[in-house]
Amino acid sequence: MKALVTGATGFLGSHLVDALVARGDDVTALIRSPGKAQGLARQGVRLVRGDLHATEALAEAVADQDVIYHVAGAVAARNEAEYLHANRDGTANLLRAAEGAAQRGGRAPRFVLVSSMAAGGPARPGRPRTADEPSAPVTMYGRSKLAGEEVVRRSPLPWAILRPPTIYGPRDRDNLIKIFKIARTGVVPVFGSGSQEISAVYAPDLAEALVAAGSSDAVLGGTYYVNHPEVLTSAGLVQAVARLMGRSRARLVPIPEWAGRLALHVTGTAAAAARRATILNADKANEFFEAAWTGDPTPFMRATGWHAAHDLAAGLAETYAWYRSARWL
């Protein structure tokens, strides 16, 4: 099978490329930085230099593909317009290129979008979200990912949308590695009381879910949550990391909502003054202080036979071992 991957030099994209190459697929990657793509080239991946707003590069990348995995996107931006430019307009450009190739007599590829749980909005405690519920994002990022989904749903191409939650695993520089670094001190701040319910997924497991979405007709035209069924709490996650690092029990320091929002307002304001994008801003507080961010993966599991092979304990153990071998900790 011929597959195009956007975001292939990133955390999740690199794991997806590993999974596709391992099964013998012919992989193309749309890349912005040749320096970051050297590892992909060594894996035999065909590289097309460009981005989601480069018309000629997109036309070259999508030509004769069986499936397009759209992983690339902005997770930090200075304002909502920047989020939309990347996550809505970039998606529309990629779709337009693929639709044009099909209209010119080429293949009509399947389009698999990596969206986010943020597009659906928070869940209620004890009730993981399903895609049947109305979407209610609470941040600029979430609204931009939902806007990208809506572009996909209007496309004549066959498509599937996946909404992962917190993603962790080897090569992650942005998510749980921060918790690992803080947990080794034995004192860890948590937003609120630490009772927030969350879902998570190990990156190699999510890569296999993407492969399943790229090959199963049962998911076409659907939106799915993809995560391990295990429901965690933010405090439980921190304690699990601390135990791995030899801290039998980390001391949690609850951050009240008023203090958290004030701190995030300050960091966001400072980043804006420096013209830098950051996720640590007042808008992100709307996610940090919700009661639950959980999703129900049952529909996707039923449709594809996929299941997350790693629960939190197994996934964290492999992640920690990788961090140590890579000397990231």
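Two strands count as paired if DSSP finds at least two bridges between them. With that in hand, here are some close-ups of this predicted model.

**View 1. Strands β5 and β6 lie side by side in the sheet.** Residue V112 stands opposite A160 in β6. Four bridges join β5 (residues 110-114) to β6 (residues 159-163), and the two strands pair in the parallel sense.

**View 2. Seven strands make up an open sheet with parallel pairing.** Reading across, the order is β3-β2-β1-β4-β5-β6-β11. The edges belong to β3 (46-49) and β11 (222-225); each has a single partner strand, so one side of each is left without a neighbour in the sheet. From one strand to the next, the twist averages 20 degrees.

**View 3. Helices α1 and α8 both pack on the sheet.** Helix α1 touches β1 (2-6), β2 (26-31), β4 (67-70) and β5, and its direction makes about 170 degrees with that of β1. Helix α8 touches β4, β5 and β6, with its direction at about 150 degrees to that of β5.

**View 4. Here α1 meets α8.** How far apart are the axes of α1 and α8, and at what angle do these helices pack? The axes of α1 (residues 11-22) and α8 (residues 203-215) are 8 Å apart, and the angle is about 60 degrees. The two helices are therefore oblique to each other, and α1 passes α8 in a right-handed crossing. On the α1 side, the contact is made by F11, L12, H15, L16, A19 and L20. Helix α8 contributes A203, P204, L206, A207, E208, L210 and V211. By type, the residues of this contact divide into 11 nonpolar, one polar and one charged.

How values were computed. Residues are numbered from 1 along each chain as its sequence is written. This is a predicted model: local features need pLDDT of at least 70, side-chain atom pairs count only at pLDDT 80 or more; totals for chains, interfaces and linings use all residues. Side-chain values use heavy atoms; hydrogens and water are left out. Axes are lines fitted to C-alpha atoms, for helices over the stretch in contact, and angles run from 0 to 180 degrees between N-to-C directions. Angles under 35 degrees count as roughly parallel, over 145 as roughly antiparallel, 65 to 115 as roughly perpendicular and the rest as oblique. A crossing is left-handed if the near helix is turned anticlockwise from the far one by less than a right angle, and right-handed if clockwise. Contact means heavy atoms within 4.5 Å. Ala, Val, Leu, Ile, Met, Phe, Trp, Tyr, Cys and Pro count as nonpolar, Asp, Glu, Lys and Arg as charged, and the others, Gly among them, as polar.
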